[in-house]
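Colleague: Got a minute to walk me through this one? I'd like to get a feel for how the inside is put together.

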Amino acid sequence: LANMRADTLYKWPLAEHLPPIQTCYQKTYDFLWSRWGDMTSSDRRTLAALACVPVGDVLVKPSRVFCRLAVDLSPFMFELPRQLGAHEALLKALGARESPSGDDLVNFLHELGAECDGQPLNLNELAAVVKVVETLTSMTDIAARAVAGVALLMPNEGGVLVSRERCFLCSDRALLLRIDRNLVHLVHSSLSQVVCAAVGIGQLREALQERLEGDVEPFFCHSEQEDVLTKRIHAPQLAQALVAISNDDDLTPATVAKKLGDFQIFIARSLRTRLYLTHTSNRRCGANKLASGHDTLNVAQDTGMDVSAADGAEVLYFVDLAKNRIVLSEALPAGLDVSNVLAAAVNQVLGGSVASELLAVSVALRADSADIQNGLARLGIDVEKGATDMALARRGQAGAALLLLDQSRVALQPQRQFAVGEVVVWTDRSAVLRYGVVL
């Protein structure tokens, strides 16, 4: 048994004088069970650690075999083949179980994480891990498990298993460009928001706080324009206009005046901020707004881990709630003027009830063609990265071109039995490798 390789079964010779693989293993199991009482504890542990159960065309460890599986969890967990049902007693003694419990699934994720050692799962492995997580969320004790903080491993956007505490949901492009992706992980898109909520994975924006990088006051310009803009945001006519623009039916001129009334406008020659992770994914707290329009924890200034990419970010504005001031950057990209940026800051103060996306439209319409990409980058929109993200989003979809990261994993296995839903690779008429899905 110890000499059997992983590819033994689908290379098993089909000569008439040789017995089928199942018959060979059944006779081997009969022999082992008849000698079970004579085996030492060391012998039994050695057997239990071997991939010695034939399921389809693969050999698996007994601990990965169950008498009943409600969901197909291959290529990691398998239902005991009917032909081996007579040997259930031996296989259970070696580690097989009736059906997987929550602890079995959690332990499996940790075992797999140790085996992968930071390497990404292939597409079929990823699909199985997603099913394992979904099965966990369907168990009645999952709510208590999430609250109790049981350590879980989740697939990140690259298919690598990482700690749940380091995984988040985020669809904010501007925010993603500003964080160090080695410190913070996005959960894989195959996991729905419902599943993520069940295992305690939250929104990244709720775990971040934005802070000014150093003292900004020495960079203030102190111009008459600051006073003009401060008076403008306090004007009753503006409050009425914002109510008309807003998509918030509860917003009134009085509430606008109350929210904006204490703010003063300052313009700075340089305006840089950094992002801090103030709590992990499965620990929730109350939140207020990030200075660039994202939610963040209301915590002490000396807490949290700096997760900023590179040297922080040159931002267009910063809403300083502690000092009731809106700081605008003097250095603006082509196509933007100070009123555009102030509009975005006001939108943030009002809870996002006016359309800040008009900033990007303004840049695209007013900037020279050569300046559009740089201008949009200041708003967190990466034109080139958009094409790459689209290709990654189609990874594994039938007909999509094979990505470079999967090319080294392609293997020719003409006798292999493929499962329904398994991702394979085929060559089109132009000799381009493409993904396919077994029906």
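Modeller: Sure, we can go through the cores, then a buried helix, then some helix packing. Keep in mind that this is a predicted model.

Colleague: OK, cores then. Which residues of the largest nonpolar core touch the most other members?

Modeller: Those are Met77, Leu112, Val129, Met154, Leu191 and Ile201, out of 34 residues in that core. Several elements supply at least two residues each: helices H4 (102–116), H5 (123–137) and H8 (193–198), plus strands S5 (153–155) and S6 (161–163).

Colleague: And which element gives the largest share?

Modeller: H5, with seven residues.

Colleague: Back to Met77 for a sec. What is it in contact with, leaving aside neighbours within four places in sequence?

Modeller: Met77 contacts Arg64, Phe66, Leu69, Asp104, Leu105 and Phe108. There's also a second, separate core, with 24 residues, including Val319, Leu328, Leu336 and Val346.

Colleague: Switching topic: how many residues of H12 are buried?

Modeller: 10 of its 12, so H12 is largely enclosed by the rest of the structure. The buried ones are Val338, Asn340, Val341, Leu342, Ala344, Ala345, Val346, Asn347, Gln348 and Val349.

Colleague: What about its length, how far apart are the end C-alpha atoms?

Modeller: They're 17 Å apart. At 1.5 Å a residue, the 12 residues of H12 (338–349) should span 16 Å, so the two values agree.

Colleague: And what follows H12?

Modeller: Gly351 follows, and its phi is positive, near 80 degrees.

Colleague: Now the helix packing. At what angle do H4 and H5 pack?

Modeller: About 150 degrees, with the axes 10 Å apart. Angles over 145 degrees count as roughly antiparallel, and that makes H4 roughly antiparallel to H5. H4 passes H5 in a left-handed crossing.

Colleague: Which residues make that contact?

Modeller: On the H4 side, Gly102, Leu105, Val106, Phe108, Leu109 and Leu112; on the H5 side, Val129, Val132, Thr135 and Leu136. You'll recognise Leu112 and Val129 from the list of core residues that touch the most other members.

Colleague: Nice. One more pair: how do H10 and H11 pack?

Modeller: H10 (236–245) and H11 (253–260) pack at about 115 degrees, with their axes 8 Å apart. H10 passes H11 in a crossing that is right-handed.

Colleague: And which residues make the contact there?

Modeller: Ala239, Gln240, Leu242 and Val243 come from H10, while Pro253, Val256 and Leu260 come from H11.

Conventions. Residues are numbered from 1 along each chain as its sequence is written. This is a predicted model: local features need pLDDT of at least 70, side-chain atom pairs count only at pLDDT 80 or more; totals for chains, interfaces and linings use all residues. Side-chain values use heavy atoms; hydrogens and water are left out. A nonpolar core is a set of buried Ala, Val, Leu, Ile, Met, Phe, Trp, Tyr and Cys residues joined through side-chain atoms within 4.5 Å. Buried means under 20% relative accessible area, exposed over 50%, partly exposed in between (1.4 Å probe, protein chains only). Helices (H or I, at least four residues) and strands (E, at least two) are DSSP runs, numbered from the N terminus. Contact means heavy atoms within 4.5 Å. The expected span of a helix is 1.5 Å times one less than its number of residues. Axes are lines fitted to C-alpha atoms, for helices over the stretch in contact, and angles run from 0 to 180 degrees between N-to-C directions. Angles under 35 degrees count as roughly parallel, over 145 as roughly antiparallel, 65 to 115 as roughly perpendicular and the rest as oblique. A crossing is left-handed if the near helix is turned anticlockwise from the far one by less than a right angle, and right-handed if clockwise.
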